[in-house]
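Hi,

Here is the structure I said I would pass on. Have a look first, and my notes on what turned up follow below.

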Amino acid sequence: MRSWPVPEVPTLPGRGPRVLLHDTSSGGLVPVGPESGTATLYVCGITPYDATHLGHANTYVAFDLLGRAWRDAGLQVRYVQNVTDVDDPLLERAEATGVDWRDLALSQIELFRGDMTALSVVPPQEYLGVVEAVDLVSAAVRDLLAAGAAYRVAGVDGGPDGDVYFPVDSDVAFGTVGGYDLETMLELSAERGGDPRRPGKRNALDPLLWRVERPGEPAWDGGVLGRGRPGWHIECTAIALQHLGMPIDVQGGGSDLVFPHHEMGAAHAHLLRPESRPFARAYAHSGMVALDGEKMSKSKGNLVLVSKLVAAGVPAAVVRLAIVAHHWRAEWEWTDEVLAEAQARYARWNSAVSAASGPAAEELLATVRARLADDLDAPGAVAAVDAWVEAATAEPGDDAEAPDLVRRTVSALLGVVLP
């Protein structure tokens with residue numbers, strides 16, 4: 001599956017420092033990526049049954065900041081992202097709207113590509129749909145079954161026999177990604193795609209690995225698994241192991257993926273590659289974006305879509321600037337005031353970098369680098385740019401190269417393109 005075009009990223013003098021990032025598993029800041037060489041990143045992609053909303057954008061911009069900071073520090077970046085282009089929510093939306101599930105997925109993936117292009121997000125080197133990775137995923141399920149780390153469950157309510165589940169008790173590290181207690185895990189499993197009350201499971205938390213074919217549902221040949229389709233969590237594990245190996249430097253996604261998705265994915269990997277654990281050296285989770293006091297989500301329908309903002313005349317760079325003005329792990333709310341503030345800030349920045357000269361900007365570059373290296377503190381970087389712009393407005397300065405250096409700094413490190 002193709003991703004989207006690589007945006008222009010200006011070169012900057014010098015190098016940025018090593019990045020420290022908040023690790024969900026340990027609860028503290030940890031250095032991420034090697035001191036030299038290649039850093040690896042896996043970020044879970046969309047389930048394509050609705051277009052990109054601000055919550056999605058917040059996540060992918062956050063990890064784009066990480067990739068930019070890594071590259072600025074002299075690292076190569078190996079980035080992989082999936083698309084869950086066959087799953088219950090997609091199939092349910094397709095049936096409700098009378099659209100073929102494949103056509104629905106393709107249309108929403110294309111919108112997502114356009115949104116990522118508009119937001120100047122550097123694309124992953126590998127961008128894979130589950131449909132094109134079914135053979136890879138089914139092989140991983142067969143490996144788990146052969147290793148005794150999977151089991152079959154009898155059908156219920158007239159359903160067929162043979163659904164394959166993963167016993168969470170088989171991974172001694174299970175629960176260490178999120179650190180939740182049992183009651184919380186059971187609650188989140190029920191809310192986020194699990195089936196804790198399914199009869200026949202050994203443990204209520206055990207996740208589905210392979211769903212055998214049901215009438216009217218898409219299915220693929222799984223060999224000894226029978227015809228069916230993958231469960232949710234195993235898809236990311238199989239794709240990450242194939243294209244990044246293990247351990248990966250950072251496993252990323254929204255905070256709603258801590259459990260069950262990332263917890264289960266790590267457990268799968270630990271049983272598939274026990275000699276290489278942990279699955280990831282750090283687990284990073286972006287905050288949720290709210291609208292009218294509630295988390296923005298497809299199920300609630302309270303969405304602000306990137307494509308609609310752009311279609312209404314809001315420059316995509318303004319949308320990105322509104323996002324990076326908030327810390328990547330923060331919970332925040334999209335409002336008219338947030339948009340207005342970003343529009344005004346963008347206008348001020350553009351005016352300042354369009355001047356013939358300005359105050360020296362080398363210190364600004366160092367500050368932006370330092371802020372991003374400290375847990376991707378984009379709001380701190382934005383504040384530093386604001387301070388330079390304010391100084392340039394009050395007293396233009398005589399450094400003819402400063403405005404261009406600021407322009408390149410903002411574009412290269414924050415991904416905000418100034419015309």
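Let me start with the sheet: five strands form an open sheet in the order β5-β4-β3-β11-β12, paired in parallel. Its edges are β5 (126-129) and β12 (280-286), each of which pairs on one side only. From one strand to the next, the twist averages 20 degrees. Keep in mind that this is a predicted model.

If you want a spot to zoom in on, try β11 (residues 248-254), which is joined to β12 by six bridges, the two running parallel. Within that pair, V250 sits opposite A282 of β12. Helix α6 (residues 232-244) packs on the sheet and touches β3 (38-43), β4 (76-83), β5 and β11. The direction of α6 makes about 150 degrees with that of β4.

Next, the nonpolar cores. The largest has 83 residues, and the members touching the most others are L54, L66, W70, V250 and W334. So V250, the residue facing A282, turns up here as well. Helix α1 (residues 54-72) gives the most to this core, with 10 residues. As for L54, beyond its neighbours within four places in sequence, L54 is in contact with V289, M296, V304, V306, L309, V319, I323 and W334. Another core, of 42 residues, lies apart from the largest one; V80, V168, V212 and C236 are among its members.

Now for a charged side chain: what does R214 reach from its loop between β8 (208-212) and β9 (220-221)? Its side chain makes a polar contact of 2.8 Å with the side chain of D163, and also gets to the backbone oxygen of V212 at 2.9 Å. Not counting residues up to four places away in sequence, R214 touches P160, D163 and R198. R214 counts as buried because its relative accessible area is 15%, below the 20% cut-off.

Last stop is helix α13 (residues 402-414). Its 13 residues reach 17 Å from first C-alpha to last, close to the 18 Å expected at 1.5 Å a residue. Is α13 mostly covered or mostly open? Mostly covered, with 10 of the 13 residues buried; among them are L405, V406, V410, L413 and L414. The buried residues of α13 pack against α1, α9 (316-324), α10 (336-353), α11 (362-373) and α12 (378-394). Just past the end of α13, G415 has a positive phi of about 75 degrees.

Cheers

How values were computed
Residues are numbered from 1 along each chain as its sequence is written. This is a predicted model: local features need pLDDT of at least 70, side-chain atom pairs count only at pLDDT 80 or more; totals for chains, interfaces and linings use all residues. Side-chain values use heavy atoms; hydrogens and water are left out. Two strands pair if DSSP finds at least two bridges between them. Helices (H or I, at least four residues) and strands (E, at least two) are DSSP runs, numbered from the N terminus. Axes are lines fitted to C-alpha atoms, for helices over the stretch in contact, and angles run from 0 to 180 degrees between N-to-C directions. Contact means heavy atoms within 4.5 Å. A nonpolar core is a set of buried Ala, Val, Leu, Ile, Met, Phe, Trp, Tyr and Cys residues joined through side-chain atoms within 4.5 Å. Buried means under 20% relative accessible area, exposed over 50%, partly exposed in between (1.4 Å probe, protein chains only). A polar contact is a pair of N or O atoms within 3.5 Å; within protein, one must be able to donate a hydrogen and the other to accept it, and residues adjacent in sequence count only if both atoms are side-chain atoms. The expected span of a helix is 1.5 Å times one less than its number of residues.
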